[in-house]
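Here are my notes for you on this one. Have the sequence and the picture open while you read, and take the points in order.

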Amino acid sequence: MEKSEYKEFAALALSYFHAADALSGAQSKRGRCLFRPTLFVLGQGLELMLKGCMLLNNKPIIRKGSKGHELRRLWNDDACAEIRDRYLINAEVARCEAADTGFYKAVPKTMNDKLATNMLFSLIDFHGEGIARYPVPEIKGSPRKGPRTAWLSKSLFYTAHDFYARTEDFRRPTTGRYS
């Protein structure tokens with residue numbers, strides 16, 4: 001691994017979340033036809049951010065096959081603890097912004113950790129349905145219910161920005177097997 005590989009993952013994740021935020025914002029004009037593409041791009045960005053954090057903390061990542069796309073495993077890894085913490089903080093920031101602008105309907109009064117985590121796990125489940133299997137299976141029927149992409153994209157974008165701008169803050173103490 002090159003020393004800067006984790007930074008490349010962080011930069012790419014940030015660009016995916018920026019694109020997802022644009023797609024999410026366009027849903028108000030284009031409707032639900034952008035829902036699945038938004039979730040797809042969010043899932044890709046999340047995978048890149050988590051893998052970047054794993055690399056930063058000298059933990060191996062799986063680069064081939066479906067095991068490399070197991071976001072729940074990556075999310076729960078100790079190396080990604082700071083990503084989890086920052087995401088929860090940023091979910092509340094995104095909720096407050098949504099409430100202040102009045103642009104989004106049905107803004108929850110609070111964004112507790114359970115709601116924020118459930119939104120993220122809904123994305124992870126969506127990502128796992130298609131991405132972990134190749135080729136991506138055809139999805140039939142109307143779009144399934146999923147997370148509120150506006151808050152999720154903002155929450156993840158802010159988290160990726162933190163990761164990119166202050167990468168060293170995401171480095172875990174050097175104890176244990178991978179130090």
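**Notes on the fold**

1. Starting at the N terminus, the elements of the protein run α-α-α-α-α-α. That makes six helices and zero strands; helices (H or I, at least four residues) and strands (E, at least two) are DSSP runs, numbered from the N terminus.

2. A word on the source: this is a predicted model, where local features need pLDDT of at least 70 and side-chain atom pairs count only at pLDDT 80 or more, while totals for chains, interfaces and linings use all residues. Residues are numbered from 1 along each chain as its sequence is written, and side-chain values use heavy atoms, with hydrogens and water left out.

3. Of the 179 residues in the protein, 45% are buried (under 20% relative accessible area, with exposed being over 50% and partly exposed in between, using a 1.4 Å probe and protein chains only). Take contacts (heavy atoms within 4.5 Å) between residues at least 6 apart in sequence: 75% of them join residues at least 24 apart.

4. Now look inside. The largest nonpolar core has 45 residues; such a core is a set of buried Ala, Val, Leu, Ile, Met, Phe, Trp, Tyr and Cys residues joined through side-chain atoms within 4.5 Å. Each of α1, α2, α3, α4 (81-101), α5 (113-130) and α6 supplies at least two residues of this core, and α2 gives the largest share, 12 residues.

5. Phe17 is worth clicking on, being among the residues with the most contacts inside that core. Which residues is Phe17 in contact with, leaving aside its neighbours within four places in sequence? They are Leu42, Gly45, Leu46, Met49, Leu156, Phe157 and Ala160.

6. Next, put α1 (residues 5-30) beside α6 (residues 149-165): their axes come within 8 Å and cross at roughly 155 degrees. Axes are lines fitted to C-alpha atoms, for helices over the stretch in contact, and angles run from 0 to 180 degrees between N-to-C directions. α1 and α6 are therefore roughly antiparallel to each other (the label for angles over 145 degrees). Residues making the contact include Phe17, Leu14 and Ala10 of α1 and Leu156, Phe157 and Ala160 of α6.

7. One oddity to finish: Asn58 has a positive phi of about 60 degrees although it is not a glycine. Where is Asn58 placed? Look in the loop between α2 (35-56) and α3 (71-76). Asn58 counts as partly exposed because its relative accessibility is 44%.

How values were computed
Parallel < 35°, antiparallel > 145°, perpendicular 65-115°, else oblique.
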